[in-house]
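Take a moment with the sequence and the model. Then follow the chain strand by strand.

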Amino acid sequence: MVVFWCTLLGFMFHLAEILADQPRNDVCQDTGREEFGWALIGHDYKSSTAESFGRCFFDCSLDEKCQSTTFLWNTKECKLKKETRTSRPIDMEQNPAATYMENPYRAKKGSKASVPGSSCKDILTSGEAQGNGGYWIDPTDSGDPFKVFCDMNSYGGGWLLISRFIMETSDSINDISSSTDSYRTILPAYASNSQYLLRNGFNQLKQDMGFTQIRLYCFKKTRGRVFHIMTKEDDTKGANVVKFFTSSNNMPKACGSFSRLPDDNSSLAVHCDKWGYPNTDRWGHGNMLTDSRLFSRPMTLASVPRFYRLKGPKYQCDDNDELNPSIGDTWQVFVR
Ligand SMILES: *[C@@H]1O[C@H](CO)[C@@H](O)[C@H](O)[C@H]1NC(C)=O
């Protein structure tokens with residue numbers, strides 16, 4: 001109840017302040033502040049004319065989708081925006097005839113279907129992420145958003161889950177995992193813990209949403225090693241790995257293309273020079289250039305042998321499949 005009255009009071013004070021153009025006393029919380037002389041360019045979802053800035057802000061404040069408003073004093077244009085200066089700093093411009101203001105009553109980006117981000121990274125950048133979990137995204141701005149799992153905490157955050165297998169019961173390895181080329185089907189199925197996206201869909205996601213890094217994790221208790229790496233965010237070695245899993249058949253160089261993450265204690269990750277078949281220091285396996293290559297031996301240490309495989313009925317994590325997985329064992333792949 002207190003929160004309700006504070007919100008209402010704060011809102012009324014704020015309106016009074018805007019209409020009277022007077023400085024405001026903070027009542028219960030910071031309800032945002034208008035910025036004279038600034039405009040956010042683009043990202044409109046609605047544009048109309050309003051007799052005053054107060055009226056324009058009022059319209060914005062009534063719509064949870066409205067993230068901010070830009071009012072143009074000379075034309076009286078009132079632009080309701082899907083973004084804020086925090087999420088799109090590059091699009092803020094000085095304009096003496098404009099006033100910019102964020103909507104303190106907006107729904108946080110990604111928290112509802114009405115306010116999707118374009119990716120997990122986009123939601124993280126907006127400053128409105130609320131830890132790991134489900135978020136709404138709409139990479140192509142299609143008006144048809146879907147819910148995905150984002151890891152917002154690890155290694156800089158902004159990671160979108162592409163695939164995961166968790167050994168939930170002793171029968172899990174016999175479950176048929178779902179796989180398709182439709183990222184709209186696979187990504188929202190994150191709670192099934194047994195799904196993967198085929199290569200054409202992965203390539204489509206790259207074109208629609210964009211990503212530059214892949215992160216692969218696994219842990220199999222009977223083997224007792226964590227495998228955890230992320231590809232480098234660069235335009236050469238790391239980018240060639242992303243190309244190999246989306247659009248090219250050139251097996252890219254392994255060494256120098258990824259970083260081992262702090263919890264990695266696998267033998268696979270320290271032997272990049274021996275990955276590959278028939279040539280070494282390569283990602284992939286020359287006889288397995290299939291559309292599930294990201295999940296079926298993306299890296300092969302043939303001489304030992306040790307593999308990574310997130311595709312039933314065999315799940316390998318720094319081992320040669322002589323060890324059965326146990327409950328709790330986890331494989332997952334993220335991109336950002
Ligand atoms: C590797 O790390 C995991 C998780 O911390 C741990 O359970 C395991 O014992 C480690 N293995 C070795 C060989 O150090």
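Which residue in β5 is the bridge partner of Thr69? The partner is Met101. Thr69 belongs to a pairing between strand β3, residues 68-72, and strand β5, residues 92-102. These two strands run antiparallel and share five bridges.

Before going further, a word on trust. This is a predicted model. Its mean pLDDT is 90, and 90% of the residues reach 70 or more. Some stretches fall below that. Over residues 1-10, pLDDT stays under 50. There the model has nine contacts beyond four places in sequence. Residues 21-30 also stay under 50. For them the model has 13 contacts beyond four places in sequence.

Now step back to the sheet that holds β3 and β5. It is an open sheet of five strands, with antiparallel pairing. Read across, the order is β1-β5-β3-β4-β2. Which strands stand at the edges? They are β1, residues 35-40, and β2, residues 44-49. Each has a single partner strand, so one side of each is left without a neighbour in the sheet. From one strand to the next, the twist averages 40 degrees.

A helix joins this picture. Helix α2 covers residues 53-61 and lies across β3, β4 and β5. Strand β4 spans residues 77-81. The helix runs at about 155 degrees to β3.

Next along the chain comes an annotated region. An unreviewed UniProt entry places "domain: Fibrinogen C-terminal" on residues 111-164. Over those residues the chain is 11% helix and 31% strand. The C-alpha atoms at the two ends are 22 Å apart.

Move on to another open sheet. Three strands build it, in the order β14-β15-β16, and the pairing is antiparallel. Here β14 and β16 are the edge strands, each pairing on one side only. Strand β16 covers residues 314-319. On average, neighbouring strands of this sheet are turned by 20 degrees against each other, direction ignored.

Is strand β14 mostly covered or uncovered? It is mostly covered: six of its six residues, 296-301, are buried. With β15, residues 306-311, it shares three bridges in the antiparallel sense. Four residues lie between β14 and β15, and the two strands form a hairpin. Within this pair, Thr300 stands opposite Phe307 of β15.

On to the β15 and β16 pair. Five bridges join these antiparallel strands. Here Tyr308 stands opposite Cys317 in β16.

Methods: Residues are numbered from 1 along each chain as its sequence is written. This is a predicted model: local features need pLDDT of at least 70, side-chain atom pairs count only at pLDDT 80 or more; totals for chains, interfaces and linings use all residues. UniProt positions are given in the numbering used here, feature names are shortened, and annotations may be inferred rather than shown by experiment. A residue is buried if 20 or more other C-beta atoms lie within 10 Å of its own, exposed if 12 or fewer, and partly exposed in between; C-beta atoms are placed from the backbone. Two strands pair if DSSP finds at least two bridges between them. pLDDT is the predictor's confidence in each residue, from 0 to 100. Two residues are in contact if their C-beta atoms, placed from the backbone, lie within 7 Å. Axes are lines fitted to C-alpha atoms, for helices over the stretch in contact, and angles run from 0 to 180 degrees between N-to-C directions.
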